[in-house]
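User: Please take a close look at the ligand site in this model and at the parts of the protein around it. I would like one connected account, with residue names and numbers where they are available.

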Amino acid sequence: ILVPVKVVITGAAGQIAYSLLFHVCSGQIFGNDQVRFMQIPSMISQLEGVRMELEDCAFPLLNQLSITDNLEEAFKDADYAFLIGALPRKQFLRGMERKDLLKSNASIFRNQGLVIDNVAKKSIKILVVGNPANTNAYILNKSTPSIPSKNISALTRLDQNRATFQISKTLGVPNVVVWGNHSNTQFPDPKHALFDDGRQVWPILKAKFDEPNFIETVQNRGTDVIKARKLSSAMSAAKACADHMRDWCLGTKQGEIVSMAVVSNGNMYGIPKDIVFSVPVTCNNGEWKLVEGIELDFSSKKYFESTLNELKQEALDAEFVFQE
Ligand code: NAX
(Lines give C-alpha, C1' and ligand atoms only; values in the text may rest on other atoms or scores of the structure.)
Protein backbone atom coordinates (compact mmCIF):
# COMPACT_ATOMS: atom_id res chain seq x y z
CA ILE A 1 0.00 0.00 0.00
CA LEU A 2 1.38 3.41 -0.90
CA VAL A 3 1.51 5.93 1.93
CA PRO A 4 1.42 9.47 0.54
CA VAL A 5 3.60 12.06 2.22
CA LYS A 6 3.47 15.78 1.71
CA VAL A 7 6.80 17.45 1.05
CA VAL A 8 7.10 21.23 0.99
CA ILE A 9 9.97 22.96 -0.78
CA THR A 10 10.27 26.71 -0.43
CA GLY A 11 12.34 28.62 -2.94
CA ALA A 12 11.29 25.94 -5.40
CA ALA A 13 12.07 28.08 -8.45
CA GLY A 14 15.67 28.58 -7.31
CA GLN A 15 18.80 26.77 -8.41
CA ILE A 16 19.19 24.37 -5.45
CA ALA A 17 15.55 23.31 -5.64
CA TYR A 18 15.85 22.66 -9.38
CA SER A 19 18.38 19.91 -8.64
CA LEU A 20 16.70 18.76 -5.42
CA LEU A 21 13.35 18.12 -7.11
CA PHE A 22 14.87 15.24 -9.03
CA HIS A 23 16.11 13.57 -5.83
CA VAL A 24 12.73 14.05 -4.12
CA CYS A 25 10.50 13.00 -6.99
CA SER A 26 12.55 9.96 -7.96
CA GLY A 27 11.81 8.44 -4.55
CA GLN A 28 15.36 8.09 -3.24
CA ILE A 29 14.86 10.16 -0.07
CA PHE A 30 11.69 8.93 1.54
CA GLY A 31 11.70 5.34 0.35
CA ASN A 32 9.76 3.78 -2.45
CA ASP A 33 6.33 3.81 -0.94
CA GLN A 34 5.63 7.47 -0.79
CA VAL A 35 4.39 10.38 -2.80
CA ARG A 36 4.92 14.14 -2.70
CA PHE A 37 3.70 17.68 -3.30
CA MET A 38 5.65 20.92 -3.23
CA GLN A 39 5.25 24.66 -3.26
CA ILE A 40 6.93 28.00 -3.56
CA PRO A 41 5.73 31.36 -2.27
CA SER A 42 7.10 33.25 -5.26
CA MET A 43 8.27 32.97 -8.87
CA ILE A 44 5.04 31.19 -9.76
CA SER A 45 5.29 31.57 -13.53
CA GLN A 46 8.82 30.11 -13.70
CA LEU A 47 7.64 27.24 -11.55
CA GLU A 48 4.98 26.39 -14.09
CA GLY A 49 7.88 25.54 -16.39
CA VAL A 50 9.46 23.37 -13.69
CA ARG A 51 6.07 21.68 -13.18
CA MET A 52 5.97 20.78 -16.90
CA GLU A 53 9.47 19.32 -16.69
CA LEU A 54 8.56 17.25 -13.64
CA GLU A 55 5.46 15.97 -15.41
CA ASP A 56 7.62 15.05 -18.38
CA CYS A 57 9.97 13.07 -16.13
CA ALA A 58 6.99 10.72 -15.61
CA PHE A 59 8.10 9.85 -12.08
CA PRO A 60 5.89 6.94 -11.03
CA LEU A 61 5.86 8.05 -7.38
CA LEU A 62 4.92 11.68 -7.94
CA ASN A 63 1.27 11.74 -7.01
CA GLN A 64 0.35 15.38 -6.93
CA LEU A 65 2.19 18.64 -7.41
CA SER A 66 0.90 21.95 -6.18
CA ILE A 67 2.38 25.40 -6.51
CA THR A 68 1.33 28.17 -4.18
CA ASP A 69 2.50 31.41 -2.60
CA ASN A 70 0.15 30.91 0.34
CA LEU A 71 1.97 29.69 3.46
CA GLU A 72 -1.11 28.08 5.09
CA GLU A 73 -1.92 26.14 1.96
CA ALA A 74 1.70 25.10 1.52
CA PHE A 75 2.35 23.81 5.04
CA LYS A 76 -1.11 22.33 5.79
CA ASP A 77 -0.53 18.75 7.04
CA ALA A 78 3.07 18.77 5.75
CA ASP A 79 5.24 15.76 6.66
CA TYR A 80 8.58 17.15 5.48
CA ALA A 81 9.87 20.61 4.60
CA PHE A 82 12.99 21.81 2.83
CA LEU A 83 13.20 25.53 3.63
CA ILE A 84 15.45 26.79 0.87
CA GLY A 85 13.85 30.11 -0.06
CA ALA A 86 15.99 33.00 1.21
CA LEU A 87 18.26 35.69 -0.08
CA PRO A 88 21.08 33.99 -1.98
CA ARG A 89 24.73 34.34 -1.09
CA LYS A 90 25.58 36.17 -4.31
CA GLN A 91 23.58 39.12 -2.98
CA PHE A 92 25.43 38.70 0.29
CA LEU A 93 28.74 39.00 -1.53
CA ARG A 94 27.69 42.30 -3.10
CA GLY A 95 28.63 44.11 0.07
CA MET A 96 26.05 42.76 2.50
CA GLU A 97 27.18 41.96 6.02
CA ARG A 98 26.21 38.54 7.39
CA LYS A 99 24.26 40.42 10.05
CA ASP A 100 22.19 42.20 7.35
CA LEU A 101 21.52 38.89 5.64
CA LEU A 102 20.43 37.50 8.99
CA LYS A 103 17.98 40.32 9.54
CA SER A 104 16.42 40.06 6.09
CA ASN A 105 15.94 36.34 6.50
CA ALA A 106 14.84 36.32 10.14
CA SER A 107 11.36 37.56 9.37
CA ILE A 108 10.88 34.96 6.62
CA PHE A 109 11.63 32.12 9.04
CA ARG A 110 9.63 33.68 11.86
CA ASN A 111 6.54 33.89 9.61
CA GLN A 112 7.00 30.40 8.23
CA GLY A 113 7.46 29.04 11.76
CA LEU A 114 4.23 30.56 13.01
CA VAL A 115 2.30 28.98 10.13
CA ILE A 116 4.05 25.61 10.46
CA ASP A 117 3.18 25.57 14.15
CA ASN A 118 -0.49 26.06 13.31
CA VAL A 119 -1.06 23.87 10.30
CA ALA A 120 1.71 21.29 9.73
CA LYS A 121 1.75 17.80 11.23
CA LYS A 122 3.44 17.81 14.66
CA SER A 123 5.73 15.07 13.35
CA ILE A 124 7.01 17.26 10.50
CA LYS A 125 10.75 16.99 9.82
CA ILE A 126 12.28 20.27 8.73
CA LEU A 127 15.60 20.95 7.00
CA VAL A 128 16.59 24.63 6.86
CA VAL A 129 18.92 25.39 3.96
CA GLY A 130 18.48 29.13 3.35
CA ASN A 131 21.32 31.13 4.90
CA PRO A 132 22.24 31.91 7.61
CA ALA A 133 20.92 28.35 7.94
CA ASN A 134 21.72 27.62 11.61
CA THR A 135 20.24 30.86 12.87
CA ASN A 136 17.22 30.66 10.58
CA ALA A 137 16.62 27.24 12.16
CA TYR A 138 17.09 28.82 15.62
CA ILE A 139 14.36 31.37 14.77
CA LEU A 140 12.14 28.66 13.34
CA ASN A 141 12.48 26.56 16.48
CA LYS A 142 11.51 29.49 18.68
CA SER A 143 8.50 30.15 16.44
CA THR A 144 7.18 26.58 16.54
CA PRO A 145 6.54 25.77 20.22
CA SER A 146 4.28 22.81 19.39
CA ILE A 147 6.82 21.10 17.10
CA PRO A 148 9.51 19.04 18.89
CA SER A 149 12.90 20.75 18.60
CA LYS A 150 14.37 17.41 17.50
CA ASN A 151 12.37 17.77 14.27
CA ILE A 152 14.19 20.94 13.23
CA SER A 153 17.62 20.84 11.61
CA ALA A 154 19.88 22.86 9.34
CA LEU A 155 22.15 21.78 6.52
CA THR A 156 25.85 21.24 7.12
CA ARG A 157 26.02 18.06 5.07
CA LEU A 158 27.44 19.98 2.12
CA ASP A 159 30.36 20.99 4.34
CA GLN A 160 30.74 17.37 5.44
CA ASN A 161 30.67 16.18 1.82
CA ARG A 162 33.29 18.79 0.91
CA ALA A 163 35.52 17.57 3.75
CA THR A 164 34.91 13.97 2.71
CA PHE A 165 36.04 14.76 -0.84
CA GLN A 166 39.27 16.40 0.33
CA ILE A 167 40.16 13.19 2.14
CA SER A 168 38.69 10.59 -0.18
CA LYS A 169 40.34 11.87 -3.35
CA THR A 170 43.56 10.30 -2.11
CA LEU A 171 42.88 8.19 0.96
CA GLY A 172 39.45 6.53 0.75
CA VAL A 173 36.02 7.51 2.04
CA PRO A 174 35.98 8.61 5.70
CA ASN A 175 33.36 9.50 8.31
CA VAL A 176 34.16 13.13 9.01
CA VAL A 177 32.43 15.50 11.39
CA VAL A 178 31.69 19.19 10.82
CA TRP A 179 31.06 21.15 14.01
CA GLY A 180 29.18 24.42 14.37
CA ASN A 181 27.90 26.95 11.91
CA HIS A 182 27.41 26.68 8.14
CA SER A 183 29.68 29.69 7.64
CA ASN A 184 33.37 30.41 7.34
CA THR A 185 33.83 29.55 11.02
CA GLN A 186 32.63 25.96 10.51
CA PHE A 187 34.99 23.38 11.95
CA PRO A 188 35.51 20.34 9.70
CA ASP A 189 37.39 18.14 12.13
CA PRO A 190 40.20 16.11 10.54
CA LYS A 191 41.46 14.69 13.83
CA HIS A 192 38.34 12.62 14.53
CA ALA A 193 37.71 11.39 10.99
CA LEU A 194 37.54 7.60 10.80
CA PHE A 195 37.46 5.11 7.96
CA ASP A 196 34.62 2.55 8.03
CA ASP A 197 36.95 -0.08 9.47
CA GLY A 198 37.68 2.21 12.46
CA ARG A 199 41.14 3.34 11.33
CA GLN A 200 41.95 6.99 12.05
CA VAL A 201 42.37 9.28 9.05
CA TRP A 202 44.56 11.92 10.71
CA PRO A 203 47.86 10.01 10.99
CA ILE A 204 47.86 9.57 7.18
CA LEU A 205 46.14 12.87 6.27
CA LYS A 206 48.57 15.05 8.19
CA ALA A 207 51.30 14.29 5.66
CA LYS A 208 49.20 16.17 3.07
CA PHE A 209 47.44 18.85 5.11
CA ASP A 210 48.20 20.55 8.39
CA GLU A 211 45.07 21.19 10.47
CA PRO A 212 44.54 24.88 9.50
CA ASN A 213 45.20 24.13 5.84
CA PHE A 214 42.61 21.32 5.76
CA ILE A 215 40.03 23.37 7.65
CA GLU A 216 40.50 26.45 5.45
CA THR A 217 40.28 24.41 2.25
CA VAL A 218 36.86 23.14 3.31
CA GLN A 219 35.73 26.49 4.75
CA ASN A 220 36.60 28.29 1.50
CA ARG A 221 35.20 25.73 -0.91
CA GLY A 222 31.86 27.55 -1.31
CA THR A 223 33.64 30.78 -2.19
CA ASP A 224 35.89 28.92 -4.64
CA VAL A 225 32.80 27.50 -6.37
CA ILE A 226 31.31 30.99 -6.65
CA LYS A 227 34.53 32.39 -8.09
CA ALA A 228 34.66 29.71 -10.77
CA ARG A 229 30.96 29.24 -11.55
CA LYS A 230 29.81 32.82 -10.89
CA LEU A 231 26.96 31.19 -8.99
CA SER A 232 26.79 29.55 -5.59
CA SER A 233 26.78 25.75 -5.19
CA ALA A 234 23.55 24.19 -6.35
CA MET A 235 23.94 20.59 -7.54
CA SER A 236 26.18 19.67 -4.61
CA ALA A 237 23.88 21.55 -2.19
CA ALA A 238 20.86 19.65 -3.51
CA LYS A 239 22.71 16.33 -3.19
CA ALA A 240 23.60 17.27 0.40
CA CYS A 241 19.93 18.09 1.17
CA ALA A 242 18.96 14.69 -0.20
CA ASP A 243 21.71 12.94 1.81
CA HIS A 244 20.67 14.73 5.01
CA MET A 245 16.94 13.97 4.73
CA ARG A 246 17.43 10.40 3.44
CA ASP A 247 19.75 9.48 6.31
CA TRP A 248 17.41 11.10 8.84
CA CYS A 249 14.35 9.27 7.47
CA LEU A 250 15.80 5.94 6.38
CA GLY A 251 18.76 5.69 8.79
CA THR A 252 22.54 5.84 8.60
CA LYS A 253 24.50 2.74 7.68
CA GLN A 254 26.14 0.56 10.32
CA GLY A 255 29.18 2.47 11.64
CA GLU A 256 28.38 5.63 9.66
CA ILE A 257 28.43 9.06 11.35
CA VAL A 258 26.96 12.15 9.66
CA SER A 259 26.84 15.85 10.51
CA MET A 260 23.54 17.62 11.13
CA ALA A 261 22.97 21.05 12.63
CA VAL A 262 20.42 20.39 15.39
CA VAL A 263 18.83 22.32 18.24
CA SER A 264 20.89 21.90 21.42
CA ASN A 265 19.03 20.61 24.46
CA GLY A 266 21.69 22.26 26.66
CA ASN A 267 23.41 18.94 27.26
CA MET A 268 25.50 18.60 24.11
CA TYR A 269 29.25 19.33 24.14
CA GLY A 270 28.68 22.51 26.20
CA ILE A 271 26.48 24.10 23.51
CA PRO A 272 23.87 26.38 25.13
CA LYS A 273 20.23 25.33 24.87
CA ASP A 274 18.47 26.30 21.61
CA ILE A 275 21.65 27.10 19.66
CA VAL A 276 21.54 25.22 16.34
CA PHE A 277 24.95 23.60 16.03
CA SER A 278 26.36 20.98 13.66
CA VAL A 279 27.27 17.81 15.56
CA PRO A 280 28.02 14.18 14.75
CA VAL A 281 24.92 11.97 14.74
CA THR A 282 23.68 8.55 13.76
CA CYS A 283 20.09 8.05 12.60
CA ASN A 284 17.66 5.21 13.17
CA ASN A 285 13.85 4.89 12.94
CA GLY A 286 13.50 8.50 11.83
CA GLU A 287 15.41 9.89 14.84
CA TRP A 288 18.92 11.33 15.03
CA LYS A 289 21.11 10.48 18.00
CA LEU A 290 24.12 12.51 19.15
CA VAL A 291 27.50 10.77 19.01
CA GLU A 292 28.86 11.55 22.45
CA GLY A 293 32.29 11.40 24.02
CA ILE A 294 34.47 12.93 21.29
CA GLU A 295 37.34 14.71 23.03
CA LEU A 296 38.79 17.80 21.41
CA ASP A 297 42.40 18.79 21.94
CA PHE A 298 43.62 22.35 22.52
CA SER A 299 43.73 23.48 18.87
CA SER A 300 40.43 21.78 17.99
CA LYS A 301 38.77 23.45 20.96
CA LYS A 302 39.79 26.85 19.58
CA TYR A 303 37.99 26.12 16.29
CA PHE A 304 34.98 24.79 18.21
CA GLU A 305 34.79 27.89 20.43
CA SER A 306 35.13 30.25 17.50
CA THR A 307 32.15 28.78 15.62
CA LEU A 308 30.14 28.56 18.86
CA ASN A 309 30.83 32.21 19.64
CA GLU A 310 29.65 33.22 16.18
CA LEU A 311 26.39 31.31 16.67
CA LYS A 312 25.83 32.83 20.10
CA GLN A 313 26.25 36.28 18.55
CA GLU A 314 23.92 35.44 15.66
CA ALA A 315 21.31 34.27 18.16
CA LEU A 316 21.58 37.60 19.98
CA ASP A 317 21.31 39.47 16.66
CA ALA A 318 18.26 37.41 15.70
CA GLU A 319 16.36 38.09 18.89
CA PHE A 320 15.03 41.36 17.41
CA VAL A 321 12.40 39.43 15.43
CA PHE A 322 10.79 38.29 18.68
CA GLN A 323 10.61 41.82 20.03
CA GLU A 324 8.57 43.23 17.13
P1 NAX B 1 18.23 31.09 -5.58
O2 NAX B 1 18.26 32.57 -5.53
O3 NAX B 1 18.53 30.40 -6.85
O4 NAX B 1 16.78 30.60 -5.10
C5 NAX B 1 16.17 31.10 -3.99
C6 NAX B 1 14.70 31.13 -4.29
O7 NAX B 1 14.02 31.45 -3.08
C8 NAX B 1 14.30 32.18 -5.33
O9 NAX B 1 13.49 31.56 -6.31
C10 NAX B 1 13.51 33.19 -4.52
O11 NAX B 1 12.44 33.73 -5.28
C12 NAX B 1 12.96 32.30 -3.41
N13 NAX B 1 12.57 33.03 -2.22
C14 NAX B 1 13.10 34.16 -1.70
N15 NAX B 1 12.44 34.52 -0.58
C16 NAX B 1 11.49 33.57 -0.40
C17 NAX B 1 10.50 33.37 0.58
N18 NAX B 1 10.33 34.25 1.58
N19 NAX B 1 9.75 32.27 0.51
C20 NAX B 1 9.93 31.41 -0.49
N21 NAX B 1 10.81 31.54 -1.47
C22 NAX B 1 11.58 32.62 -1.43
O23 NAX B 1 19.15 30.57 -4.39
P24 NAX B 1 19.79 29.12 -4.17
O25 NAX B 1 21.11 29.08 -4.83
O26 NAX B 1 18.79 28.08 -4.53
O27 NAX B 1 20.10 29.16 -2.60
C28 NAX B 1 19.05 29.19 -1.67
C29 NAX B 1 19.59 29.40 -0.26
O30 NAX B 1 20.43 28.33 0.11
C31 NAX B 1 20.44 30.66 -0.10
O32 NAX B 1 20.08 31.28 1.12
C33 NAX B 1 21.84 30.11 -0.01
O34 NAX B 1 22.70 31.01 0.67
C35 NAX B 1 21.60 28.85 0.75
N36 NAX B 1 22.64 27.82 0.73
C37 NAX B 1 22.83 27.09 1.85
C38 NAX B 1 23.71 26.05 1.91
C39 NAX B 1 23.88 25.25 3.16
O40 NAX B 1 24.74 24.36 3.15
N41 NAX B 1 23.16 25.49 4.24
C42 NAX B 1 24.58 25.71 0.74
C43 NAX B 1 24.07 26.24 -0.53
C44 NAX B 1 23.43 27.61 -0.47
O45 NAX B 1 24.45 28.56 -0.50
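Analyst:

**The ligand site and its surroundings**

In this predicted model, the ligand is surrounded by 29 residues, of which G11, G14, I16, G85 and N131 are the closest. By class, the shell around the ligand contains 17 nonpolar residues, eleven polar ones and one charged one. Helix α1, residues 15-25, supplies the largest share of that shell, with three residues. Both domain 1 (3-154) and domain 2 (157-314) contribute, each giving at least three residues to the shell.

Helix α1 is a reasonable place to start. Its buried residues are I16, A17, L20, L21, V24 and C25. Viewed down the axis of α1, these buried residues fall within an arc of 135°, so they line one face of the helix. The general background is that an α-helix has 3.6 residues a turn, so residues three or four places apart point the same way. The cover over the buried residues of α1 includes strands β2 (7-10) and β4 (80-83) together with helices α2 (44-57) and α11 (235-250). After α1 comes G27, which has a positive phi, near 90°.

The next residue to consider is A86, in the loop between β4 and α4. A86 counts as buried because it has 22 C-beta neighbours inside 10 Å, and 20 or more are needed for that class. Apart from neighbours within four places in sequence, A86 is in contact with G11, N105, I108, G130, N131 and N136. Among these contacts, G11 and N131 also belong to the closest residues around the ligand. A86 and N136 are 50 residues apart along the chain, and their C-alpha atoms are separated by 9.7 Å.

N131 also takes part in a backbone feature: the peptide bond from N131 to P132 is cis, with omega near -5°. P132 sits in the loop between β5 and α6. As general context, most residues other than glycine have a negative phi, and most peptide bonds are trans.

Two residues other than glycine have a positive phi. A58 is one, at about 50°, and it lies in the loop between α2 and α3 (71-75). A58 is exposed, because 7 other C-beta atoms lie within 10 Å. D77 has a positive phi of about 60° and is not a glycine either; its place is the loop between α3 and β4. D77 counts as exposed because it has 11 C-beta neighbours inside 10 Å, and the limit for that class is 12 or fewer.

Helix α2, part of the cover over α1, also holds S45. S45 is exposed, since it has 8 other C-beta atoms within 10 Å. From S45 to S104 is 59 residues in sequence and 24 Å in space, C-alpha to C-alpha.

Next comes the boundary between the domains. The protein is divided into domain 1 (3-154) and domain 2 (157-314), and their C-alpha centres lie 23 Å apart. Across the boundary, 30 residues of domain 1 are in contact with 27 residues of domain 2. On the side of domain 1 that touches domain 2, the elements giving two or more residues are α1, β4, α4 (89-93), β5 (125-128), α6 (133-143) and β6 (152-154). Helix α6 gives the most to that side, with six residues. Sorted by class, the side of domain 1 that touches domain 2 has 17 nonpolar, ten polar and three charged residues. Helix α1 thus has a part in two settings: it is listed among the elements on that side, and it gives the largest share of the shell around the ligand.

The last element to describe is helix α12, residues 298-318. With 21 residues, α12 reaches 30 Å from its first C-alpha to its last, close to the 30 Å expected at 1.5 Å a residue. Buried in α12 are Y303, F304, T307, L308, E310, L311, E314 and A318. These residues cover an arc of only 155° around the axis, which puts them on the same side of α12. The face turned away from that buried side carries the exposed residues F298, S299, K302 and L316.

Terms used: Residues are numbered from 1 along each chain as its sequence is written. This is a predicted model: local features need pLDDT of at least 70, side-chain atom pairs count only at pLDDT 80 or more; totals for chains, interfaces and linings use all residues. A residue is near a molecule or strand if its C-beta atom, placed from the backbone, lies within 6 Å of it. Helices (H or I, at least four residues) and strands (E, at least two) are DSSP runs, numbered from the N terminus. Ala, Val, Leu, Ile, Met, Phe, Trp, Tyr, Cys and Pro count as nonpolar, Asp, Glu, Lys and Arg as charged, and the others, Gly among them, as polar. Domain bounds come from an automatic or database domain assignment. The arc is that of the directions from the helix axis to the C-beta atoms. Two residues are in contact if their C-beta atoms, placed from the backbone, lie within 7 Å. The expected span of a helix is 1.5 Å times one less than its number of residues.
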